[in-house]
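Ready to practise reading aromatic rings in a protein? Grab a pencil and work through each task before you peek at its solution.

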Amino acid sequence: VADGEFPVVLSSHGFSGFRLQSTFLTSHLASHGMIVVSPDHPSRALPNVLSGTSSGDRADSVDDLLQSLDLVTAQGADEASIFAGHVDTEHVVAIGHSAGGGTVLGAAADPRVDGYVSMASGVLLGRAAQGSTTTTVDPATLPAKPSFFLAGTEDQVVPVDTVTEPSFRTVPSPSLLWVLDGVGHNGFDDFCTFGNGKGIIGVAEANGLGAFLDAQPQLKRLGEDGCLPPAVAVDTTFPIIEHAVTAWVKQLFGIDAEPVGLDASVADQYAVPVRIEAR
(Lines give C-alpha, C1' and ligand atoms only; values in the text may rest on other atoms or scores of the structure.)
Protein backbone atom coordinates (compact mmCIF):
# COMPACT_ATOMS: atom_id res chain seq x y z
CA VAL A 1 0.00 0.00 0.00
CA ALA A 2 1.33 3.44 -0.93
CA ASP A 3 2.15 6.00 1.74
CA GLY A 4 -0.11 8.94 2.53
CA GLU A 5 -3.82 9.62 2.67
CA PHE A 6 -6.15 9.26 -0.30
CA PRO A 7 -9.48 10.97 -1.03
CA VAL A 8 -12.72 8.99 -1.00
CA VAL A 9 -15.16 8.48 -3.88
CA LEU A 10 -18.61 7.10 -3.03
CA SER A 11 -20.20 5.42 -6.06
CA SER A 12 -23.96 4.80 -6.37
CA HIS A 13 -25.37 2.45 -9.02
CA GLY A 14 -28.62 2.86 -10.92
CA PHE A 15 -31.95 1.03 -10.94
CA SER A 16 -31.42 -2.66 -11.79
CA GLY A 17 -27.69 -2.09 -11.36
CA PHE A 18 -25.15 -3.36 -8.87
CA ARG A 19 -21.99 -2.16 -7.16
CA LEU A 20 -19.65 -3.29 -9.97
CA GLN A 21 -21.70 -1.81 -12.81
CA SER A 22 -19.31 1.05 -13.68
CA THR A 23 -15.86 -0.44 -13.17
CA PHE A 24 -14.54 1.30 -16.27
CA LEU A 25 -14.84 4.55 -14.31
CA THR A 26 -14.30 3.45 -10.71
CA SER A 27 -11.09 1.60 -11.56
CA HIS A 28 -9.86 4.66 -13.45
CA LEU A 29 -10.49 6.86 -10.41
CA ALA A 30 -8.68 4.34 -8.21
CA SER A 31 -5.70 4.44 -10.57
CA HIS A 32 -5.46 8.17 -9.82
CA GLY A 33 -5.01 7.53 -6.10
CA MET A 34 -8.60 7.56 -4.85
CA ILE A 35 -10.34 5.12 -2.53
CA VAL A 36 -13.56 4.15 -4.33
CA VAL A 37 -16.40 2.69 -2.26
CA SER A 38 -19.31 1.14 -4.20
CA PRO A 39 -22.07 -0.51 -2.15
CA ASP A 40 -25.00 -2.50 -3.47
CA HIS A 41 -28.38 -0.84 -2.95
CA PRO A 42 -30.91 -3.59 -2.06
CA SER A 43 -33.69 -1.05 -2.62
CA ARG A 44 -32.99 -1.20 -6.38
CA ALA A 45 -30.12 -3.66 -7.11
CA LEU A 46 -30.62 -6.08 -10.00
CA PRO A 47 -31.02 -9.24 -7.85
CA ASN A 48 -33.67 -7.51 -5.75
CA VAL A 49 -35.52 -6.16 -8.78
CA LEU A 50 -35.62 -9.62 -10.37
CA SER A 51 -36.73 -11.26 -7.11
CA GLY A 52 -39.36 -8.61 -6.32
CA THR A 53 -37.65 -7.56 -3.09
CA SER A 54 -36.62 -4.02 -4.10
CA SER A 55 -38.35 -1.20 -2.22
CA GLY A 56 -37.39 1.78 -4.37
CA ASP A 57 -36.83 3.81 -1.20
CA ARG A 58 -34.23 6.49 -1.96
CA ALA A 59 -33.59 7.11 1.72
CA ASP A 60 -32.31 3.53 2.01
CA SER A 61 -29.77 4.05 -0.78
CA VAL A 62 -28.54 7.33 0.74
CA ASP A 63 -28.07 5.48 4.01
CA ASP A 64 -26.14 2.73 2.18
CA LEU A 65 -23.75 5.30 0.78
CA LEU A 66 -23.19 7.15 4.04
CA GLN A 67 -22.76 3.90 6.00
CA SER A 68 -20.10 2.95 3.44
CA LEU A 69 -18.34 6.22 4.25
CA ASP A 70 -18.61 5.36 7.96
CA LEU A 71 -17.10 1.94 7.24
CA VAL A 72 -14.08 3.17 5.28
CA THR A 73 -13.53 5.93 7.86
CA ALA A 74 -13.44 3.33 10.62
CA GLN A 75 -11.05 1.22 8.55
CA GLY A 76 -8.75 4.20 8.26
CA ALA A 77 -8.54 4.37 12.03
CA ASP A 78 -8.06 0.61 12.49
CA GLU A 79 -4.37 -0.26 12.80
CA ALA A 80 -5.11 -3.81 11.61
CA SER A 81 -6.68 -2.61 8.34
CA ILE A 82 -4.86 -2.11 5.04
CA PHE A 83 -6.58 1.32 5.01
CA ALA A 84 -5.01 2.35 8.34
CA GLY A 85 -3.77 5.93 8.05
CA HIS A 86 -4.70 6.15 4.36
CA VAL A 87 -8.27 7.50 4.34
CA ASP A 88 -8.54 11.23 3.70
CA THR A 89 -11.93 11.99 5.21
CA GLU A 90 -11.48 15.70 4.46
CA HIS A 91 -11.92 15.03 0.73
CA VAL A 92 -15.05 13.05 -0.18
CA VAL A 93 -17.11 13.12 -3.37
CA ALA A 94 -20.18 11.12 -4.42
CA ILE A 95 -20.81 9.94 -8.00
CA GLY A 96 -24.01 8.33 -9.20
CA HIS A 97 -25.51 6.91 -12.37
CA SER A 98 -29.23 7.07 -13.20
CA ALA A 99 -31.13 6.55 -9.94
CA GLY A 100 -27.75 6.98 -8.27
CA GLY A 101 -27.95 10.64 -9.22
CA GLY A 102 -30.73 11.08 -6.68
CA THR A 103 -28.76 9.11 -4.12
CA VAL A 104 -25.65 11.26 -4.40
CA LEU A 105 -27.79 14.37 -4.16
CA GLY A 106 -29.10 13.11 -0.84
CA ALA A 107 -25.63 12.10 0.31
CA ALA A 108 -24.31 15.56 -0.57
CA ALA A 109 -26.42 16.98 2.27
CA ASP A 110 -23.96 15.29 4.63
CA PRO A 111 -21.27 17.82 5.66
CA ARG A 112 -18.52 15.28 4.97
CA VAL A 113 -19.32 15.19 1.24
CA ASP A 114 -17.67 17.97 -0.77
CA GLY A 115 -19.60 17.65 -4.05
CA TYR A 116 -21.33 15.24 -6.40
CA VAL A 117 -21.30 13.95 -9.98
CA SER A 118 -24.66 13.02 -11.53
CA MET A 119 -24.54 10.86 -14.70
CA ALA A 120 -27.59 10.21 -16.91
CA SER A 121 -29.81 11.51 -14.14
CA GLY A 122 -31.63 14.52 -12.74
CA VAL A 123 -32.79 15.86 -9.43
CA LEU A 124 -36.01 17.77 -9.96
CA LEU A 125 -38.45 16.31 -12.42
CA GLY A 126 -38.64 12.63 -11.58
CA ARG A 127 -40.81 10.59 -9.28
CA ALA A 128 -39.66 9.31 -5.92
CA ALA A 129 -40.82 5.81 -6.77
CA GLN A 130 -39.35 2.39 -7.49
CA GLY A 131 -37.52 2.47 -10.80
CA SER A 132 -37.32 6.24 -10.99
CA THR A 133 -34.03 7.54 -12.34
CA THR A 134 -34.68 11.04 -11.04
CA THR A 135 -35.78 12.48 -7.73
CA THR A 136 -38.36 15.09 -6.81
CA VAL A 137 -37.02 17.59 -4.27
CA ASP A 138 -37.77 21.08 -3.03
CA PRO A 139 -35.21 23.40 -4.69
CA ALA A 140 -34.77 25.21 -1.39
CA THR A 141 -33.36 22.02 0.15
CA LEU A 142 -30.70 21.37 -2.50
CA PRO A 143 -27.24 21.16 -0.94
CA ALA A 144 -24.98 24.10 -1.76
CA LYS A 145 -22.20 21.87 -3.07
CA PRO A 146 -20.30 21.87 -6.38
CA SER A 147 -21.91 19.55 -8.92
CA PHE A 148 -21.16 18.03 -12.32
CA PHE A 149 -23.92 16.71 -14.60
CA LEU A 150 -23.08 14.40 -17.52
CA ALA A 151 -25.66 13.25 -20.03
CA GLY A 152 -25.93 11.78 -23.53
CA THR A 153 -27.99 12.95 -26.49
CA GLU A 154 -29.19 9.37 -27.20
CA ASP A 155 -30.54 8.77 -23.69
CA GLN A 156 -34.22 7.88 -24.04
CA VAL A 157 -34.57 6.94 -20.36
CA VAL A 158 -33.49 10.29 -18.89
CA PRO A 159 -33.78 12.89 -21.67
CA VAL A 160 -31.28 15.71 -21.48
CA ASP A 161 -33.66 18.53 -22.34
CA THR A 162 -36.45 17.67 -19.91
CA VAL A 163 -34.48 16.25 -16.97
CA THR A 164 -30.72 16.74 -16.80
CA GLU A 165 -30.44 20.25 -18.18
CA PRO A 166 -33.25 21.74 -16.03
CA SER A 167 -31.63 20.11 -13.01
CA PHE A 168 -28.26 21.65 -13.87
CA ARG A 169 -29.90 25.08 -14.16
CA THR A 170 -31.63 24.80 -10.78
CA VAL A 171 -28.99 23.42 -8.41
CA PRO A 172 -26.77 25.90 -6.55
CA SER A 173 -23.66 27.00 -8.41
CA PRO A 174 -20.94 26.18 -9.15
CA SER A 175 -22.20 23.51 -11.50
CA LEU A 176 -20.91 22.04 -14.76
CA LEU A 177 -22.88 20.35 -17.56
CA TRP A 178 -21.47 18.02 -20.21
CA VAL A 179 -23.74 16.61 -22.93
CA LEU A 180 -21.99 13.95 -25.00
CA ASP A 181 -23.18 13.42 -28.55
CA GLY A 182 -24.25 9.86 -29.34
CA VAL A 183 -24.17 8.53 -25.76
CA GLY A 184 -27.15 6.66 -24.33
CA HIS A 185 -28.26 5.79 -20.82
CA ASN A 186 -25.88 2.85 -20.38
CA GLY A 187 -22.97 4.77 -21.82
CA PHE A 188 -22.03 5.50 -18.20
CA ASP A 189 -21.87 1.87 -17.00
CA ASP A 190 -20.31 -1.41 -18.16
CA PHE A 191 -23.50 -3.05 -19.43
CA CYS A 192 -22.89 -2.37 -23.12
CA THR A 193 -19.55 -4.19 -23.03
CA PHE A 194 -21.09 -7.67 -23.04
CA GLY A 195 -24.06 -9.55 -24.51
CA ASN A 196 -22.90 -9.49 -28.16
CA GLY A 197 -23.50 -5.78 -28.45
CA LYS A 198 -26.92 -5.85 -26.77
CA GLY A 199 -25.63 -5.35 -23.27
CA ILE A 200 -27.11 -7.08 -20.27
CA ILE A 201 -30.26 -7.73 -22.30
CA GLY A 202 -28.20 -9.87 -24.70
CA VAL A 203 -26.92 -11.89 -21.76
CA ALA A 204 -30.45 -12.40 -20.46
CA GLU A 205 -31.74 -13.49 -23.87
CA ALA A 206 -28.83 -15.92 -24.30
CA ASN A 207 -29.85 -17.51 -21.00
CA GLY A 208 -33.45 -18.12 -22.05
CA LEU A 209 -35.04 -15.07 -20.44
CA GLY A 210 -36.55 -13.67 -23.63
CA ALA A 211 -40.13 -14.31 -22.51
CA PHE A 212 -39.44 -12.65 -19.16
CA LEU A 213 -38.05 -9.57 -20.91
CA ASP A 214 -41.01 -9.44 -23.29
CA ALA A 215 -43.21 -9.20 -20.21
CA GLN A 216 -40.99 -6.46 -18.75
CA PRO A 217 -40.63 -3.93 -21.60
CA GLN A 218 -39.53 -1.16 -19.23
CA LEU A 219 -36.67 -3.29 -17.92
CA LYS A 220 -35.64 -4.27 -21.46
CA ARG A 221 -35.64 -0.66 -22.63
CA LEU A 222 -33.56 0.38 -19.63
CA GLY A 223 -31.02 -2.38 -20.25
CA GLU A 224 -30.60 -1.72 -23.99
CA ASP A 225 -30.51 2.07 -24.05
CA GLY A 226 -27.11 3.25 -25.26
CA CYS A 227 -25.93 -0.18 -26.39
CA LEU A 228 -27.48 -0.22 -29.86
CA PRO A 229 -27.15 2.15 -32.84
CA PRO A 230 -27.43 5.09 -33.22
CA ALA A 231 -25.55 5.23 -29.92
CA VAL A 232 -21.77 5.53 -30.29
CA ALA A 233 -19.74 2.51 -29.17
CA VAL A 234 -18.71 2.79 -25.52
CA ASP A 235 -15.06 2.03 -26.23
CA THR A 236 -15.05 5.42 -27.98
CA THR A 237 -16.81 7.33 -25.22
CA PHE A 238 -15.51 5.66 -22.04
CA PRO A 239 -12.14 7.51 -22.18
CA ILE A 240 -13.98 10.84 -22.45
CA ILE A 241 -16.10 10.10 -19.39
CA GLU A 242 -13.09 8.80 -17.46
CA HIS A 243 -11.20 12.00 -18.16
CA ALA A 244 -14.09 14.34 -17.41
CA VAL A 245 -15.06 12.83 -14.05
CA THR A 246 -11.47 12.36 -12.89
CA ALA A 247 -10.44 15.89 -13.88
CA TRP A 248 -13.47 17.39 -12.13
CA VAL A 249 -12.86 15.42 -8.95
CA LYS A 250 -9.15 16.28 -8.91
CA GLN A 251 -9.96 19.96 -9.31
CA LEU A 252 -12.60 19.72 -6.54
CA PHE A 253 -10.03 18.21 -4.18
CA GLY A 254 -7.36 20.73 -5.10
CA ILE A 255 -5.11 18.06 -6.64
CA ASP A 256 -5.26 20.11 -9.83
CA ALA A 257 -5.07 23.85 -9.23
CA GLU A 258 -7.17 24.48 -12.34
CA PRO A 259 -9.62 22.17 -14.16
CA VAL A 260 -7.94 20.25 -16.98
CA GLY A 261 -9.85 19.90 -20.25
CA LEU A 262 -13.28 20.67 -18.84
CA ASP A 263 -14.35 24.07 -20.18
CA ALA A 264 -16.09 24.94 -23.45
CA SER A 265 -12.80 25.67 -25.21
CA VAL A 266 -12.16 21.89 -25.50
CA ALA A 267 -15.66 20.89 -26.60
CA ASP A 268 -14.54 19.94 -30.12
CA GLN A 269 -11.34 18.15 -29.10
CA TYR A 270 -12.82 14.81 -28.08
CA ALA A 271 -13.76 11.75 -30.13
CA VAL A 272 -17.42 12.87 -30.08
CA PRO A 273 -18.76 16.45 -29.83
CA VAL A 274 -19.44 17.62 -26.29
CA ARG A 275 -21.65 20.52 -25.29
CA ILE A 276 -20.16 22.16 -22.22
CA GLU A 277 -21.74 24.79 -20.00
CA ALA A 278 -20.81 26.12 -16.57
CA ARG A 279 -22.72 28.30 -14.14
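Below are four short exercises on ring pairs and their surroundings in this predicted model.

**Exercise 1.** Classify the pair of Phe18 and Phe191, and find which parts of the chain the pair ties together.

*Solution.* Start with the geometry: the ring centres are 5.6 Å apart and the planes make an angle of 40°. Planes under 30 degrees apart count as stacked and over 60 as edge-to-face, with the rest called tilted. So Phe18 and Phe191 form a tilted pair. Next, the location: Phe18 sits in the loop between strand S1 and helix H1, while Phe191 sits in the loop between strand S6 and helix H6, so the pair joins parts 173 residues apart in sequence.

**Exercise 2.** Decide for Phe18 and for Phe191: buried or partly exposed?

*Solution.* Buried means under 20% relative accessible area. Phe18 has 26% and is partly exposed. Phe191 has 5%, so Phe191 is buried.

**Exercise 3.** Now do the same kind of work for Tyr116 and Phe149: what type of pair do their rings form?

*Solution.* Their centres lie 6.2 Å apart with the planes at 85°, so this pair is edge-to-face. Tyr116 belongs to strand S4 and Phe149 to strand S5, 33 residues apart. Both Tyr116 and Phe149 are buried.

**Exercise 4.** Which residues make up an aromatic cluster, and which residue lies over the face of Phe168?

*Solution.* The cluster consists of Phe148, Trp178, Trp248 and Tyr270. Over the face of Phe168 you'll find Arg279, 5.9 Å from the ring centre.

Technical notes:
Residues numbered from 1 in each chain as written. Predicted model: local features only at pLDDT ≥ 70, side-chain atom pairs only at ≥ 80, totals over all residues. Heavy atoms only, no water. Phe/Tyr/Trp six-rings, centres within 6.5 Å; stacked < 30°, edge-to-face > 60°. Helix = DSSP H or I, 4+ residues; strand = E, 2+ residues; numbered from the N terminus. Buried < 20%, exposed > 50% of the residue type's maximum accessible area, 1.4 Å probe, protein only. Lys NZ or Arg CZ within 6 Å of the ring centre and 35° of its normal.
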